[in-house]
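Colleague: Please take a close look at a single part of this model, the helix packing, and set it in the context of the whole chain. Give the cut-offs as you go.

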Amino acid sequence: MRETGGPAERGLAATVVGDLLVNTSIIHDDVLDRDPVRRGRPALWAAYGAEYALMVGDALLGLAYSLLGEQSHPRAHQALRMMSDGWSRLCAGQVRDTGQEGRTGTSLEQAVAVNEAKAADGLRGVFCLPVLFTDATSEQVEAVGRYGFHFGMAAQYHNDLTGVWPTLDRGRAPGGDIRRRKMTPMVTAALASGHRDSELLAAYYGGHGEPREEEVAAVAVLIDRCGGRAWTVAQNLKHMRLAAEHLRKADPPAALYDDLLATGARYLA
């Protein structure tokens, strides 16, 4: 991966493929979660309708497969298989995520597995795809994959936090995950904390109907009080540390290493 020029340029198309995959997943995720805002602007489905957004997402996915399929490289078949496997796991994770909404019997292990499938496994492939088209060794590809997995986990934990406590840089609508009674690892950790207020939290997540604004705010306080917020911050930091360790093992060019670390810093809790 320290090669420059030709080998690095061979990964350009796969980098574009990764961007197409990420944007497809974001468009579809907003439709599933009915999040009206994305990065401070109306989400695609909110601006033009869910049907339009789904078709745009599918079109981007088709472009990704088409572009990757055009590449002539000994690892092209491996790249297509990696992309397909990652996308399938992401879709399975999204289905499980939606199915677990309001199910207070969801365990912490089950909730973490959803994050692994819908975020970490997908980003593992996104980061590996360009590397496969360079002169990187199998060990370097594996290290990059592990970097992508842990970065994906850290980013998802950051996403879980901003789904309850939005920050200006993420530009999300407040309390969306609470309204949907989404069983994120943060919520399941809070429910399993043994804190005296965890029963109040369970009563809300086992309920139905659209909550009032003051109820959403009260649930956010309960999650924090029951330790869910602190647990999630700790997980975010742990996975960021593991991501940095595997990135060092991959031994990328210094400039790329610095860029990736800077990107990761945006997702620190």
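Modeller: What follows goes from the chain as a whole to two helix pairs and then to one residue.

This is a predicted model, in which local features need pLDDT of at least 70 and side-chain atom pairs count only at pLDDT 80 or more, while totals for chains, interfaces and linings use all residues. Residues are numbered from 1 along each chain as its sequence is written, and side-chain values use heavy atoms, with hydrogens and water left out.

The chain has 13 helices and 2 strands; these are DSSP runs numbered from the N terminus, helices being H or I with at least four residues and strands E with at least two. For 269 residues a compact globule would have a radius of gyration near 18 Å, and the 19 Å of the chain agrees with that. The radius is taken over C-alpha atoms, and the globule rule is 2.2 Å times the number of residues to the power 0.38. Of the 269 residues, 49% are buried, where buried means under 20% relative accessible area, exposed over 50% and partly exposed in between, with a 1.4 Å probe and protein chains only.

In the first pair to examine, the axes of α6 (residues 108–132) and α7 (residues 138–162) come within 7 Å and cross at roughly 140°. Axes are lines fitted to C-alpha atoms, for helices over the stretch in contact, and angles run from 0 to 180 degrees between N-to-C directions. The two helices, α6 and α7, are therefore oblique to each other; angles under 35 degrees count as roughly parallel, over 145 as roughly antiparallel, 65 to 115 as roughly perpendicular and the rest as oblique. The crossing of α6 and α7 is right-handed, meaning that the near helix is turned clockwise from the far one by less than a right angle, with anticlockwise for left-handed.

In the other pair, α10 (residues 198–205) and α11 (residues 213–225) pack at about 135° with axes 10 Å apart. That angle makes α10 oblique to α11, and their crossing is left-handed. Leu200, Leu201, Tyr204 and Tyr205 of α10 meet Glu215, Val219, Leu222 and Ile223 of α11, contact being heavy atoms within 4.5 Å.

Finally, Val233 lies in helix α12 (residues 228–250) and is partly exposed, at 27% relative accessible area. Leaving aside residues up to four places away in sequence, Val233 touches Leu161 and Ala269. The C-alpha atoms of Val233 and Leu268 are 8.4 Å apart, with their positions 35 residues apart along the chain.
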